[in-house]
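Dear colleague,

I am passing on the structure we talked about, so that you can open it beside this message. My notes on what was found in it follow below.

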Amino acid sequence: MTARPEDLQRRLTGLEQIDEVVGALRAIASGQSAAARSALPAIEAHALTTRRAMARLAASTVATTAPAGPGLLLVIGASQGFAGAYPQRVAATALQALAPDRGLLVVGRRTVQALLDRGRQPLWSADLPGHPAAIPALASEVTAALVAQSVAHPGPIDAIAGLPAAGHAPAAVRLFPPEPLAAAQGMQPPLMTLAPAVLMASLLQEALFAAVARALMRGLEAEAAARMQAMAQARSNLQRRRNEVEAAYRQARQEQMTTEMIELAAGR
């Protein structure tokens with residue numbers, strides 16, 4: 001039975017309203033992705049400055065390496081909805097990289113839930129903010145949590161986050177120990193008011209903070225990119241559905257006009 005033109009018209013209006021919401025969500029995600037991408041150079045510069053300071057200090061002290069052990073895994077997933085299967089992909093990648101006895105820390109409440117559904121309880125969790133301006137404060141919280149948990153879970157610290165070079169697919173990156181810069185030949189040690197070992201420990205923690213901030217910013221960009229892709233697919237599906245409803249509306253309107261003409265011709 002063909003639907004009435006009035007009902008189909010209401011469905012078209014509803015589809016148009018949904019399309020407006022989808023377009024707004026895509027625009028917001030695009031702005032978040034661009035903002036996160038523009039903030040990355042400053043984080044990279046800070047990380048490079050820290051590594052250069054460590055390279056200068058290496059002339060007078062030995063760099064600290066991570067003690068042996070399973071270490072920690074920081075998972076940076078998704079916090080908001082409408083990101084398609086991205087939260088589940090992050091959770092699946094994390095489970096593959098999560099060795100026995102390795103400590104788990106998660107950022108992004110939807111990925112936290114995805115891991116809980118798979119029976120993995122994180123030692124610590126937080127939500128991923130929607131704006132890059134909130135990343136430095138979160139990076140400080142995450143760094144403090146990693147340092148605190150490293151006492152019970154010594155070893156290297158890795159992160160699972162979306163990488164632009166991999167099409168924003170989740171992949172593992174090393175956070176600690178940082179990859180040191182080779183000391184330049186003839187480089188003189190800096191003037192110091194602290195003991196070299198104390199200064200190196202502080203620089204190592206600052207390097208961890210920079211690596212965490214970079215991973216969080218990349219995670220924010222990856223989530224926004226996943227949402228943009230999901231909204232583009234939703235718009236494509238809406239357009240296809242709209243074409244179907246419009247065709248049904250034209251058919252129903254034609255049948256209605258034909259019925260009216262028959263009734264008029266029959267003198268009803």
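A residue is called buried when its relative accessible area is under 20%, exposed when that value is over 50%, and partly exposed in between. Because Asp-101 has a relative accessibility of 65%, it counts as exposed. Please keep in mind throughout that this is a predicted model.

Asp-101 sits in the loop between H2 and E2, and its backbone is worth a look, since phi there is positive, at about 70 degrees, although the residue is not a glycine. Another backbone feature is found in the loop between E5 and H5, where Pro-177 is placed; the peptide bond that joins Phe-176 and Pro-177 is cis, with omega about 0 degrees.

As to the overall layout, the protein has five helices and five strands, and read from the N terminus these elements follow the order α-β-α-β-α-β-α-β-β-α. Of its 268 residues, 37% count as buried. The accessible surface comes to about 14300 Å², and 56% of that belongs to carbon and sulfur atoms. If one takes the contacts between residues at least 6 apart in sequence, 78% of them join residues at least 24 apart.

Two of the helices can be described in some detail. Helix H2, which runs over residues 86–97 and has twelve residues, reaches 17 Å from its first C-alpha to its last, close to the 16 Å expected at 1.5 Å a residue. Its buried residues are Tyr-86, Pro-87, Val-90, Ala-91 and Ala-94, and because they cover an arc of only 140 degrees around the axis, they lie on the same side of H2. The cover over these buried residues includes strands E1 (72–76), E4 (157–163) and E5 (169–176), together with helices H3 (109–117) and H5 (196–265).

Helix H4, residues 135–149, has 15 residues that should span 21 Å at 1.5 Å a residue, and this agrees with its end C-alpha atoms, which are 21 Å apart. Which residues of H4 are buried? They are Ile-135, Leu-138, Ala-139, Val-142, Thr-143, Ala-145 and Leu-146. Seen down the axis of H4, these buried residues fall within an arc of 165 degrees, and so they line one face of the helix. An α-helix has 3.6 residues a turn, so residues three or four places apart point the same way. The buried residues of H4 pack against E1, E2 (103–107), E3 (124–126), E4 and H5.

The largest nonpolar core holds 37 residues, of which Leu-74, Leu-175, Val-212 and Leu-216 touch the most other members. Helix H1 (5–57), E1, E2, H4, E4, E5 and H5 each supply at least two residues of this core, and H5 gives the most to it, with 13 residues. Leaving out residues up to four places away in sequence, Leu-216 touches Ile-76, Val-107, Leu-128, Ile-135, Leu-138, Ala-139 and Val-142. Apart from this core lies another, of 17 residues, which include Tyr-86, Val-90, Leu-104 and Leu-115.

Three single residues may also be useful to you when you go through the model. Ile-43 has its place in helix H1 and counts as buried, at 13% relative accessibility. Although Ile-43 and Ala-213 are 170 residues apart along the chain, their C-alpha atoms are separated by 7.1 Å. Besides Ala-213, Ile-43 touches Ala-210, Arg-214 and Met-217, if residues up to four places away in sequence are not counted.

Asp-158, in strand E4, is buried with a relative accessible area of 12%, and its side chain makes a polar contact with the side chain of Arg-174 (2.4 Å). Neighbours within four places in sequence left aside, Asp-158 is in contact with Leu-72, Leu-73, Leu-74, Arg-102, Val-173, Arg-174 and Leu-175.

Glu-221 lies in helix H5 and is likewise buried, with a relative accessible area of 2%. The side chain of Glu-221 makes a polar contact with the side chain of Arg-37 (3.4 Å).

With best regards

Definitions and conventions. Residues are numbered from 1 along each chain as its sequence is written. This is a predicted model: local features need pLDDT of at least 70, side-chain atom pairs count only at pLDDT 80 or more; totals for chains, interfaces and linings use all residues. Side-chain values use heavy atoms; hydrogens and water are left out. Helices (H or I, at least four residues) and strands (E, at least two) are DSSP runs, numbered from the N terminus. The expected span of a helix is 1.5 Å times one less than its number of residues. Buried means under 20% relative accessible area, exposed over 50%, partly exposed in between (1.4 Å probe, protein chains only). The arc is that of the directions from the helix axis to the C-beta atoms. Contact means heavy atoms within 4.5 Å. A nonpolar core is a set of buried Ala, Val, Leu, Ile, Met, Phe, Trp, Tyr and Cys residues joined through side-chain atoms within 4.5 Å. Accessible areas come from the Shrake-Rupley method with a 1.4 Å probe; for residues, only the protein chains shown count as cover. A polar contact is a pair of N or O atoms within 3.5 Å; within protein, one must be able to donate a hydrogen and the other to accept it, and residues adjacent in sequence count only if both atoms are side-chain atoms.
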